[in-house]
Structure formats: C-alpha cells, structure tokens
Amino acid sequence: MSGAAALGLRNGSSGSLALAAAAGGRKAGPARGWGWRGGAGEKERLQLLHRALRLVGRRGAGLLLLLAVASAALLCSLFAVVKDDTTSSIIIASNYEVTKAIENSVYPSTARPVVMSKDQYSASDVNTNQLHLSFENLTNHPCDGFAVPPTLFDKKRTGPRPCPVCYVSVDEAFALMPPQASPSPVLQNLDYVSEDSGTANFSNQGSVFGGHVSLDQRNKSFDITSSMTVNCGFVRGKKPGQGTGFDINDDDLLEMEKCRGLVVASAIFGNYDMIQHPRNVSELSKANACFYMFVDEETMAYVKNSSSLYKDNEVGLWRLVVVRNLPYEDPRRTGKIPKLLLHRLFPNVRFSVWIDAKLQLVVDPYLLLERFLWRKNASFAISRHYSRFDVFEEAEANKAAGKYDNASIDEQIDFYRNEGLTHYSTAKLPITSDVPEGCVIIREHVPISNLFTCLWFNEVDRFTARDQISFSTVRDKIRAKVGWMPQMFLDCERRNFVVQAYHRELLEQMIASRRNAPPVEPSRRLKPGSRKAPPSKKPLVKRKKEKKSGRRRVPKPVTWAMDAV
C-alpha cells in the first residue's frame, strides 16, 4: 500500500482516501467527475461555477439564498429535543449555551431502582384519579446517557447562562416518586425546643425567636444521635405561627396543615419584590401541590390595591399568607424563616421547593423533584455559585457589594476560621463547592435534612443573615458525623428552570422613566480656567469618496456652540 494511503492521507490525484486504498499502491489513473484535473471536465466545472456566481449576484436569487441560510441557522440553534415512544419520553429543555466548564458532579447518578405499580402509587399522597402513566415497570431511566454539551465560547454573551437539562414527562415523574421516604443516617427522631431557656449575653447570642442558643448548645447540636431535641425557631407559643413571632392566622394554619405531598413556597417582606407567577405547571401539579407566598401587611396592602388577579387571598396559583409580629427588623433575616423552616410550617408535607420571590418558576415542580432528588438518591439539593467556590472569597464579595455590615462579616469569618474553616480546593472532593446559590432549595423532609436546615437557621440567627457564608460550616460538621451532605448541582441548571425578574422599586422606576419625556442632553459647561467649551460629539456620517483635485482643500471654520455659564 502506498505511503499516503497507509497514513490515512488524502492523495491529491486520486480524489479520495478510499480510492487511494483501493488502488493498492498502483498509479492512480484519470477519474470521472470532480477528481479529474484537466480536459472537458475542468471546463464544465468552471462554467457551472461561473453560472452559480452570476445567479447569486442577482438581487432576487441572492435574497432567497440568504433567507434559506438564515432559516437553516435558526432551526439548528433551537436545541429542543422531544422524544416520545411506547416506553419513555425525554424532554431536553434548553435553548441556551453552557455557562462554564465545571467538573461533573461526583455524586452517584444512577437512578433509584423502581418497579412502580398502580397499587403502590395509590398508597401515596398523590391524586391518582388523574394519573395516566406511560409505563409501569422501569428498567432504564429515560435520561440515561444524557450529558451537558461542551461549552460554546461567545465573546458577545458573557456571564452565567442556562444550560440543557434532561427532564422526563410529568406522568413519568409521578411514576418515579419513591414509595418510601429517603433514609436518614443515624438520626431517626427530631424534636424541637419549645420554650426560651436563656437570656441574651456574650455567649448566648441570637434572638428570642431562635431561643438565644448558647455556644455550648450550638456545639452539642452537632453531636448527632438517633433521637435529638434542638433549637429550630418558634421557641415560644403553642405551635409555629401561634404566639411565637412570625404569627399566622388560624385559618391559614389549618390550610397549611392540610397540605401534603409537595409545597412550593416563597416570601415577600417589606414590599420589595413583585409576585412572579409560575409557568408551565401541569394539571397534575395544580391538583397535588400547594403554592404558598408569605407576605407582611405592607406587601399585602400593595397587592390588594395593584393586582387584578387578587381574590380571596389568592393571586394566580399562589395562596397569600399574611405574617404578623415579625421577629426581626431586617426583612432579609425574616425571609430565612420560611426559606429554612418549611418543615416546621408544613408539618405534613413530604417535599418542598423554595424559590426566592425575585425568581419565576418556569418548569413543573415535580420535574425538579425527579431530576434533582429522586434521580440522584438525594434528600436535599441546592445549586452552587456560578463563579465563587470559596467562603472567604464570598465574604469579601459581600463586603465589597455592601450586602451586610463589614464588621459582622469579619467576626463570623474569624469565628469559622478558628473552628477550622479552610479555603476551598480540589482536596475537598467529592465536595464541589463551599458556596451555594441559595435562592432555590429542593428537599425532602426527613430528619437529617430537617436537622441541617435547623442548624443552618441557627447560624443565620446567631451571625449575619448571609446564609451563603454559614452553609459549608453546617454541612461539614454534619458530614463529619454521619456522612450525609446536600447535593449541589450546576448553577446553569438552576437557570434552566427559574428566571430572574426585577424587584418592585426598580421595575416601577423603569416604567416611570418610559412614561416621561426623553432626558435632555445636559448643557456643556466650561471647565474652570478654560476659554473654550469642549467640542460636542457628532454622529459619524459616511461620506461619499470625493475625487482628488490639484487644489488643496481649506477646512471650514468650526463654530463652537457655547451655553451661558
């Protein structure tokens, strides 16, 4: 075999690698078609190319060709694949590029072995009358083999963006719901302190609502046993929401106790955000899930006067719950109560999805449970920050952005450093980040996940309200004892199912600015000590090329437009 064919190189006179290999080292003779260099074939090829170029040069044909190319590019850019067959259906939801090449999660990705029958299904808290399952026995997960495509670099679009996520259908998500609760390592029974047993002093920090947890109580709460009693807010009163601070009307509490299966929750305090209405929610989810929005009296009054959808404490899918006697003056810290203590407000709920009020849910909530909990054998899922993985960097970023009092952040970081907190590195794998993007929390209410959020809330109550700073400390202490930790997924995956909106004040400013007349360009004033005003910037106008002449062109005098000083 010739050297070119043996090395897999294209022979210049044979036309293709296959022909070169078939020649077996013999000298390649003339071939038909495009591979023949010379003779009438070359003439015909050039004539055909010349005709094509003349056709493209015509206006009508050129426009048609441009339209065809644009249509093909648009179809290729829509990366949405829907595959339906008799056994499974996959929905790959993404029209976006990958935000960043981060290492794949090292958590187990195999699907939970499920053989679900209708008899097992009817034993759960799901409205089975509306289920139309496409399969009953599952051997391979429909999304097996799906991988996030490689990063596409784009200079024009920088920063975090969504990436593709493989979801099953809603019917399949219901079918994949585990019949039993996830295991809770070591801890089996969790109870909560129901009375304030201390007073605020140097060692007993925090609030009355949190129970003034002492340093000794805090440390003991990380010694996990099979049965525990810990501080978890609501320390006073008969039950959470009754005389505890963060008080809720009895009728609302009764409805909250009736909620089972899944609750989707959010909160607005201080009338800061606009209510975002979930989209793409299936009828199955509307029938089986609860949607609760916690608000204060100020926010409720604004909603009543401004929303045309408001009716009987409901706005769209959201049921509004007014909270009174707020335990904190800071709305951000108050918002951590429903965010981290949903298991206390909804004692009969099995799963919960927390979404910050600035975000709009655009994917069915049961698809999130299947994708981020059941498929990963996890009981707690939260996205990691898109660019920061180190708590020390997160603290500095919070200080630079004025998110909180700098002295309080430094005090918290120094406390954690003395306890052994170190910078994040790959040596911490399988931990993929120390900093979460805590605006979405997907979890199952089992003892170990409830303990995690209780102790996380105690850190927020004791130190700053920036829960990203305290997350890794609580996680690492629990992991060291029982080996459990939250599942952390990519931030670009989070951006696939929630969309961020503007907060209320900024949105009102934008609307008002559009109503007003366009702003007048400010007058150009002379700088001190200057005799001339700076020249105004004029738009660039493309002028026709002038013919050269023997005469030298004299520039016209420039007239400066000066305003009165």
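The exercises below work through salt bridges, a pocket, strands, aromatic rings and backbone features of one predicted model.

Residue numbers start from 1 along each chain as its sequence is written. In this predicted model, local features need pLDDT of at least 70, side-chain atom pairs count only at pLDDT 80 or more, and totals for chains, interfaces and linings use all residues, while side-chain values use heavy atoms and leave out hydrogens and water.

**Exercise 1. Salt bridges**

Task: Find how many salt bridges there are, then place the bridge between Asp410 and Lys399.

Solution:
- Start with the rule. A salt bridge is a side-chain nitrogen of Lys or Arg within 4 Å of a carboxyl oxygen of Asp or Glu.
- Count by this rule. The result is 24 salt bridges.
- Take the pair. Asp410 and Lys399 meet at 2.7 Å, N to O.
- Locate both ends. Asp410 lies in helix H15 (residues 406–419) and Lys399 in helix H14 (residues 391–400), so the pair ties together parts 11 residues apart in sequence. Helices (H or I, at least four residues) and strands (E, at least two) are DSSP runs, numbered from the N terminus.
- Check accessibility. Buried means under 20% relative accessible area, exposed over 50%, and partly exposed in between (1.4 Å probe, protein chains only). Asp410 is partly exposed at 31%, and Lys399 is buried at 19%.

**Exercise 2. A bridge within one helix**

Task: State where Arg495 and Asp491 lie and whether each is buried or partly exposed.

Solution:
- The side chains of Arg495 and Asp491 form a salt bridge of 2.6 Å, N to O.
- Both residues lie in helix H18 (residues 491–497). They are four residues apart, about one turn of the helix.
- Arg495 is partly exposed, at 21% relative accessible area. Asp491 is buried, at 4%.
- Elsewhere, salt bridges that share partners join Arg218, Glu419, Glu459 and Lys477 into one network.

**Exercise 3. The largest pocket**

Task: Describe the lining of the largest pocket.

Solution:
- Set the terms. The search uses a 1 Å grid over the protein atoms alone; a pocket is an open set of points where a 1.4 Å probe fits, with protein on both sides within 12 Å along at least five of seven lines. Lining residues have an atom within 4 Å of a point.
- Take the volume. It is about 1200 Å³, meaning the space filled by probe spheres set on the points, which are joined across faces, edges and corners.
- Count the lining. There are 40 residues, and Arg332, Asp356, Lys358, Lys403 and Arg466 lie nearest the centre.
- Look closer at Arg332. Its side chain meets Asp330 in a salt bridge (3.3 Å, N to O). Arg332 is partly exposed, at 39%.
- Find the main contributor. H11 gives the most to the lining, with five residues.
- Sort by class. The lining has 16 nonpolar, nine polar and 15 charged residues. Ala, Val, Leu, Ile, Met, Phe, Trp, Tyr, Cys and Pro count as nonpolar, Asp, Glu, Lys and Arg as charged, and the others, Gly among them, as polar.

**Exercise 4. Strand S15**

Task: Name the strands that pair with S15.

Solution:
- Two strands pair if DSSP finds at least two bridges between them.
- Strand S12 (residues 349–355) pairs with S15 in the antiparallel sense, over five bridges. Here Ile355 has Val440 as its bridge partner.
- Strand S14 (residues 380–384) also pairs with S15 in the antiparallel sense, over five bridges. Phe380 stands opposite Arg443.
- Nine of the nine residues of S15 are buried, so the strand is largely enclosed by the rest of the structure.

**Exercise 5. Aromatic rings**

Task: Classify the pair Phe294 and Phe346.

Solution:
- Rings of Phe, Tyr and Trp (its six-membered ring) pair if their centres lie within 6.5 Å; planes under 30 degrees apart count as stacked, over 60 as edge-to-face and the rest as tilted.
- The structure holds 24 aromatic pairs.
- For Phe294 and Phe346, the centres are 6.2 Å apart and the planes stand at 70°, so the pair is edge-to-face.
- Phe294 sits in strand S8 (residues 289–295) and Phe346 in the loop between helix H12 (342–345) and S12, 52 residues apart.
- Both Phe294 and Phe346 are buried. They belong to one aromatic cluster, with Tyr292 and Tyr328 also among its members.

**Exercise 6. Backbone features**

Task: Find where the cis peptide bond at Pro430 lies, and place Asp312.

Solution:
- The bond from Leu429 to Pro430 is cis, with omega near 15°. Pro430 is in the loop between H15 and S15.
- Asp312 has a positive phi, near 55°, and is not glycine. Its loop runs between strand S9 (310–311) and strand S10 (314–315). Asp312 is exposed, at 63%.
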